[in-house]
Amino acid sequence: MTDEQRLDRLERIAKLFVRAGLRERRTRRGLEEKIDIIVDYQLANEERFAKNEDRFSRLTDVVNQLAQVQTRSEQRIDSLAEAQMRTEARLESFIAAVERDRHGSSN
């Protein structure tokens, strides 16, 4: 191999190194851009999650309030049911007394 051939070979190898370096830079820039995009998306998602946590917290408060209202409603319904049972018992007693009076006065 002559000196000229060796020099040509070294030039080709140097060009390959330069091309590989340029290709690597382009690839790295592309990856850096993609990483930046991913970071931006992650930051946006964290903000959305924070908002959703606030919403869920408020929703939990509303659900707890509704549960308290439902408990009070159930207690009131139970009280009304007891009052209705007492009223029915009194009404039955009254009806029985009226029927006794009616049967007693017709005899």
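## Glu24 and its salt bridge

In this predicted model, Glu24 has a relative accessible area of 41% and is therefore partly exposed, since that class lies between the limits of 20% for buried and 50% for exposed. The side chain of Glu24 forms a salt bridge with Arg28, with 3.7 Å between the closest N and O atoms. Arg28 is likewise partly exposed, at 45% relative accessibility. Both residues belong to helix α1, where a spacing of four residues places Glu24 and Arg28 about one turn of the helix apart.

## The pair near the start of helix α1

The whole structure contains two salt bridges. Besides the Glu24 pair, Asp3 and Arg6 are joined through their side chains, at an N to O distance of 4.0 Å. These two residues are three positions apart in helix α1, which covers residues 3–106, so about one helical turn separates them. Asp3 is exposed, at 61% relative accessible area, whereas Arg6 is partly exposed, at 46%.

## Overall form

The protein consists of one helix and zero strands. Its radius of gyration is 45 Å, well over the 13 Å given by the globule rule for 107 residues, so the protein is more spread out than a compact globule. The C-alpha trace spans about 150 × 25 × 10 Å along its principal axes.

## Surface and charge

Of the 107 residues, 0% count as buried. The exposed area of the protein is about 10,500 Å², of which carbon and sulfur atoms supply 55%. There are 21 positive and 21 negative charges, and their mean positions lie 8 Å apart.

Notes:
Residues are numbered from 1 along each chain as its sequence is written. This is a predicted model: local features need pLDDT of at least 70, side-chain atom pairs count only at pLDDT 80 or more; totals for chains, interfaces and linings use all residues. Side-chain values use heavy atoms; hydrogens and water are left out. Buried means under 20% relative accessible area, exposed over 50%, partly exposed in between (1.4 Å probe, protein chains only). The radius of gyration is taken over C-alpha atoms; the globule rule is 2.2 Å times the number of residues to the power 0.38. Accessible areas come from the Shrake-Rupley method with a 1.4 Å probe; for residues, only the protein chains shown count as cover. Lys and Arg count as positive and Asp and Glu as negative; His and the chain ends are not counted. The place of a charge is taken as NZ of Lys, CZ of Arg, CG of Asp or CD of Glu.
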